[in-house]
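Visitor: I'd like to learn how to read the pockets in a structure. Could you walk me through them?

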Amino acid sequence: MGAGGRMTASERAAQEKSEWAAAGVRADSNQVKKSPTAPPPFTLGQIKKAIPPHCFNRSVLRSFSYVVHDLILSSAFLYFALKWIPTLPDPFHYAAWPLYWVAQGCVLTGVWVIAHECGHHAFSDYSLLDDVVGLVLHSALLVPYFSWKYSHRRHHSNTGSLERDEVFVPKKKIVLPWYSKYMSNNPVGRLLTLVVQLTLGWPLYLAFNVSGRPYPRFACHYDPKSPIYSDRERVQIFISDVGVVTAAYALYRLSTLFGFWWMVRVYGVPLLIVNGWLVLITYLQHTHPALPHYDSSEWDWLRGAFATVDRDYGILNKVFHNITDTHVAHHLFSTMPHYHAMEATKAIKPILGEYYQFDGTPVFDAMFREVKECVYVEQEDGSEGGKTRGVFWYNNKF
């Protein structure tokens, strides 16, 4: 797994830049051109043929090896926090906790990604095994596994659609709240937007469908009768709720034994970091000035799948099991296991050409840039045959 082997980050960047150039893709993040919006001159089948067949093979042993690897790391960090941090003298004692929080949060984000892979049936050839592993791992992180699995599946089925996509659906200017102009036009407002999004965005999405597509009535990931789900999915939504409640009760019991603040230090803060990472990763995958969105008159699945961008998180690409820098391939073939995604991405770049988007802008620079530039979407100027196209691009002008 992972890209670049033992290469340094700069060596890997140089190698990838040459590969993008060979594929006709502009690697300079400041020069990324808008993605083409015309139907591509290739089919999904032609893309698949370019990928080595073994990339679609799922191995139970290999998949479990990543689970074991991440849980061993997580356990080691927990042991360090419980046994070694209390023995450190001041001020090192206080400085060590943030190091634990960041390290534990990043590793548990990797665990979250593996559970996400279970939801795509990319963990193994056995659906039941995938669901059991995914339910256990996601429940431990207070995620309703089946609830999110089904809404996320619909996101993959409708990516880039203004009417039917499930998450980070951009708004048109006319429906923005009155305060958007003031929040997006100054650094303090943008910082506040990011803080709220990264800390509260995930629970607000699960509980109240914030940033999700509109539904005719209240939509909630914890409600088996939510309009998000079909009748045949409702029992599994209840199972997801049982998983989350069981995990929450276990955490409560631990809190009664060791104390509330012990639980906050050991589990609560790392979980906040996990939630922040998954919101940021998803946001940056689908929010970029080069990415189009479509209304129902123009949208189709393949062009929607290209309305996403790969990013470079440095060493965290490996920690996050490459969900960050292989997301385009993931949207095309979501049942492909993560440990083959780098090879598949390299194989499809020459075919996709300008339909493949990569932005190597440092993550935190990109975060502030996107929240500044991608405030709303507006319809593309111009027309074809007297009919305005249903293509929308990000804008920030008021």
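Visitor: How many residues line the second largest pocket, and which lie nearest its centre?

Guide: First, the idea: on a 1 Å grid over the protein atoms alone, a pocket is an open set of points where a 1.4 Å probe fits, with protein on both sides within 12 Å along at least five of seven lines, and lining residues have an atom within 4 Å of a point. Here, 20 residues line the second largest pocket, and Ser74, Leu78, Leu108, Ala140 and Tyr267 lie nearest its centre. Mind that this is a predicted model, where local features need pLDDT of at least 70 and side-chain atom pairs count only at pLDDT 80 or more, while totals for chains, interfaces and linings use all residues. Residues are numbered from 1 along each chain as its sequence is written, and side-chain values use heavy atoms, leaving out hydrogens and water.

Visitor: Which helix gives the most to the lining of the second largest pocket?

Guide: Helices here are DSSP runs (H or I, at least four residues), numbered from the N terminus. H10 gives the most, five residues; H3 (60–84), H4, H5 (127–140) and H9 (234–258) also supply at least two each.

Visitor: What classes of residue make up that second lining?

Guide: Ala, Val, Leu, Ile, Met, Phe, Trp, Tyr, Cys and Pro count as nonpolar, Asp, Glu, Lys and Arg as charged, and the others, Gly among them, as polar. The second largest pocket has 17 nonpolar, three polar and no charged lining residues.

Visitor: And what about the largest pocket: which residues are closest to its centre?

Guide: The largest pocket has a volume of about 1,200 Å³, volume being the space filled by probe spheres set on the points, which are joined across faces, edges and corners. Its lining has 44 residues, with Phe168, Thr193, Gln197, Ser211 and Tyr283 closest to the centre. H8 supplies the largest share of that lining, nine residues.
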